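Hi there,

Here is the structure I promised to pass on to you. Please have a look at it first, and then read my notes below.

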Amino acid sequence: MKIAKSGNLARGGARRATRAAAIVAVALCCSTVSAFEWPFGAFKPTSLFGQRADGVIGRGITLEGQEVVRASGHGTTLVTIAKNGNMTGFPSTLGNFAVLSHEDGLLSAYGNLEALDRVDGRTQIDSGTILGIAGSSAWGKPKDIFFQVIDTKRKTVLNPLLVLPGFKDTRGPVISNVLAISGNNQPFALGSVKFVKQGKYRVYADVTDSIDGVAGEFAPFRISVLVNGKEYASIPFEMLQEDSGKLYLSSKDSREYTWAALYGDPTRMFLADVPLTRGRADISIIACDIAGNERSVLFGVQVE
Amino acid sequence: MNIKANLKYVLTGSIAFLAIYMFVAAKPMGSDIYFEPAWTTNLENTQDPGETAPKTPPEAFKQAGVEAFMLGERYGFFTADGKILSSYATPNRVSATPVAWATYPEDARDTIVRNPDGSPRMTVSGSGFVHLDGDRTFLFLPGGDAVSQYGEGGRLLWTREHIAPITAFNSSPAGTVMGYADGYLACVAPDGTERFGFYPGGSDREVIFGAALSEDGKLTACVSGIDRQRFILVRASGGQHKIIYHTYLKGNLRRQAFVDFEKGGNFAFFESDGRLGIFDCKKNEASGIPVYGEVVAAGECPGAALFMVLVKNGSRYTLSAIERPDHLVASVNFNANDAFLIQREGAIYLGTDGSISRIDIRGLK
C-alpha cells in the first residue's frame, strides 16, 4: 500500500510542526545574524546545497543565466584566487573566485568570475557591490556562478538559502523509486510487495524538489524516515561539517551522511537503516523544501 | 693655512683614506658571476590540433634534462640544448611537468594523463581539474574545497574535503600541504594520513594565502591572516608539529601568495605585500627584497648563493638575480603576455610568449 500526500499527514503532524518550527528558527537565527541579499539578479539555480554534484555533495548554489554578480552583504575582501594560468599555483575548480568576510564569522564565496579586477585592491565591499561578471574559469558550464556561505565560528558550510531572502515556491518535493534492501542484499521496491521477512533494511529513494518557474530537479531541505511513527532518520540539508577530511550532512542520530553514504548509489539517495519487526510496519518518508512545501509517502508491509 | 704648500699632505691623506675605505667599507662581491645566453628557440606548433602523439621519436623524451613548458595556449617539451620535442596549441587547460602532461576542458571528467611522448600514463577517474606536480597527480574536485591524489595506474590514494575553499596548495615527495579560506592549514603524507591540521591564527582574520612543504616534509612554510599578516614555519616530526618561527609582515596581501622551498630545504621564499621574503632555515633568519608585482616563480641552485625571481606586474615582467640573503645583483624588465622561469642548477630557462631562451649562470661557486 502506498499513500502519497502533500501537506500534513494525520500521523506525526505534531512532530512535523515542531520540526518546521525548528527550521524556521534556524533560518530566522541565521538571517538575523547576517541578512544576506541575493548576489544575482534572477534566481535560476541549476544545483542547490546538498545536491549530488559530480563526486561531491553540493557546497552551495550554482546558478545559470547570470551576468552580474554582487556582494551578498557588507564585508571585507578576504582573498581572491586567480585561475591558474601558468606553471605555478593550483587549478581551483572555483576558477577566479573571491571570498568576502562578513560579521559573525560568515564568509561568502563567489566562483567562476570572468576576472577579479573589480575586487582586487578593494578592502571594504558594500552589499550589492558588483564583484564581476560570470565567466568560464571554473569547473562546470560557462557562465554558471557558484555561491557558497561558510560559518567559520561553527566550522560548517551553510546552506545559502538559510541566510538569503525567501522566495516564492509552491511546488513540493517528489519522492519516487523507493527501495528497501535487506541484510542479505535482497532489494525490493516498497509499494510492490506486501510481505517481507523481519530484519534490518536499508532504505533508498529518489527525492527531488522543484521550484516555481525554474526547470530542473533540486535537493530538498529535509528528509525524514519513520517506521510506525518512530523516526529513524532525519537528514537536514542545512550544513556540512567535517570529520577527518570528509564533509557530511549531520543528522540527529549522529549519522554522518558523506557523499559516499548519501550518493553511493548512482540513481537513488540512501536515507536510513530501519529495523522491521514482526507485525505490521508503516514506513513513511517525508520530504520538505525550504519554502515549507512538504510531501510524504507511506508504505504498509506485513513483516513475517 | 697655505693649501698649496700642504697639497702633498692633502693628496697623500686622500689616497690613504680611499685605500682604507676600499678595504674597510667595500662589500665583498662573493664571486664573479655573469650571465651567458646559450640559445633562444622560437616556438611553433609541431603538432596538429587534437594530436597527442608527437612527431619526435619517443626515445628523445627519455634523455636527461627534458623540460615541460606552458605559455598561454601553447605547451610541450624541450631539451637542455634547445630542441623543441613537441609543441601543442590548445584552448583547454593544461598541466605539464617533465614526466607527464594532461589537457582537459572546463567540465573535465576522467582525464587522461600522458607521458611526455604522448603515450597514456593513467586515467584520472572523476570530475575536476587535474594538477601534476613532479610525478604526483592530483584532482581538484568540483566545489573548490576537495582534492584527491592518484597513484600509478590511476589508483585513488586519498581524498580530503574541508569546509572552505582551498586557497593554497603545494606538494613534495614527502606529502601535500593545503591551506583554506577559513585559515585552516593541513598537511598529509603521500598515503593521505594526516600529519597535522590546525588554524595558525594570530591575526584578526584567518586565511591561508600560500603554503609550501619542504622536500623532506619536515618543514611547512605559510603566509596567513589579515591584520596582522604573518609568515610561519612549522616543523613536523614524529606525529608532532610545532611553529618554530613566525614573523609579522607589513601590509595585507589579499591574493594567493608565492611560497616555496628550495630543494635543499635551506631556504624558503615567501611573498608578502610588496616584498619577497627569504627565510634561512639554518639560521632562523628572515630577510627580503622589494618586489613590484606578483611573484611568478623563484628559481634556485642548491648550494649556490644566487637565485632568480620572476615577477609579473600586468604585462610587464621583471627577472631578477639575487645573491643571498637579499642582495639584488641584476634585473631586467620585459613585456609579455605569458612567461615562465625554470632554474636547473646554473641554467635558467626563460619562456616569453613565442620563445624559450637558455641563459647560463657562470662563475657560480
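**Salt bridges and their surroundings**

A:Arg280 has a relative accessible area of 42%, so this residue is partly exposed. Its side chain forms a salt bridge with that of A:Asp282, with 3.3 Å from N to O. A:Asp282, in contrast, is buried, at 9% relative accessible area. Please keep in mind as you read on that this is a predicted model.

Over all chains, the structure holds 20 salt bridges, so here are a few from chain B as well.

In chain B, the side chains of B:Arg255 and B:Glu271 meet in a salt bridge at 2.9 Å, N to O. B:Arg255 sits in the loop between β20 (240-248) and β21 (259-261) of chain B, while B:Glu271 belongs to strand β22 (residues 267-272) of that chain, so the pair ties together parts that are 16 residues apart in sequence. B:Glu271 is buried, with a relative accessible area of 1%.

You will also find a network of salt bridges that links B:Glu36, B:Arg358, B:Asp360 and B:Arg362. Within this group, the side chains of B:Arg362 and B:Asp360 meet at 3.5 Å, N to O. B:Arg362 counts as partly exposed because its relative accessibility is 33%, whereas B:Asp360, at 8%, counts as buried.

**Where the two chains meet**

How many residues of chain A are in contact with chain B? On the chain A side there are 46, and they are in contact with 48 residues of chain B. Between them the two chains bury about 3900 Å², and 57% of that is on carbon and sulfur atoms.

The interface has four salt bridges, and 18 residue pairs across it are in polar contact. On the side of chain A that touches chain B, the elements that give two or more residues include β8 (96-101), β9 (106-113) and β12 (145-151) of chain A. The largest share of that side, six residues, comes from β7(A). By class, the side of chain A that touches chain B has 19 nonpolar, 20 polar and seven charged residues.

One residue to click on here is B:Asp145, in the loop between β10 (136-140) and β11 (146-150) of chain B. The side chain of B:Asp145 meets that of A:Arg59 in a salt bridge, 2.6 Å from N to O. With a relative accessible area of 0%, B:Asp145 is buried. Leaving aside neighbours within four places in sequence, the contacts of B:Asp145 include A:Leu247, B:Arg160, B:His162 and B:Tyr180.

**Inside the fold**

Chain A has two helices and 26 strands. Of its 304 residues, 54% count as buried. Among chain A contacts between residues at least 6 apart in sequence, 64% join residues at least 24 apart.

In soluble globular proteins, nonpolar side chains tend to be buried together. The largest nonpolar core in this model has 88 residues, and those with the most contacts inside it are A:Phe237, A:Leu271, A:Leu276, A:Ile285 and B:Phe231. Strand β24 (residues 269-276) of chain A gives the most to this core, with six residues. Apart from this core lies another, of 30 residues, with A:Ala71, A:Leu100, A:Leu131 and A:Ile145 among them.

To see the surroundings of one core residue, try A:Ile285: not counting residues up to four places away in sequence, A:Ile285 touches residues including A:Ile175, A:Val203, A:Leu271 and A:Val297.

Best wishes

How values were computed. Residues are numbered from 1 along each chain as its sequence is written. Chains are lettered from A and ligands numbered from 1 in the order in which they are written. This is a predicted model: local features need pLDDT of at least 70, side-chain atom pairs count only at pLDDT 80 or more; totals for chains, interfaces and linings use all residues. Side-chain values use heavy atoms; hydrogens and water are left out. A nonpolar core is a set of buried Ala, Val, Leu, Ile, Met, Phe, Trp, Tyr and Cys residues joined through side-chain atoms within 4.5 Å. Buried means under 20% relative accessible area, exposed over 50%, partly exposed in between (1.4 Å probe, protein chains only). Helices (H or I, at least four residues) and strands (E, at least two) are DSSP runs, numbered from the N terminus. Contact means heavy atoms within 4.5 Å. Buried area is the accessible area (1.4 Å probe) that two parts lose on being put together, summed over both. A polar contact is a pair of N or O atoms within 3.5 Å; within protein, one must be able to donate a hydrogen and the other to accept it, and residues adjacent in sequence count only if both atoms are side-chain atoms. Ala, Val, Leu, Ile, Met, Phe, Trp, Tyr, Cys and Pro count as nonpolar, Asp, Glu, Lys and Arg as charged, and the others, Gly among them, as polar.
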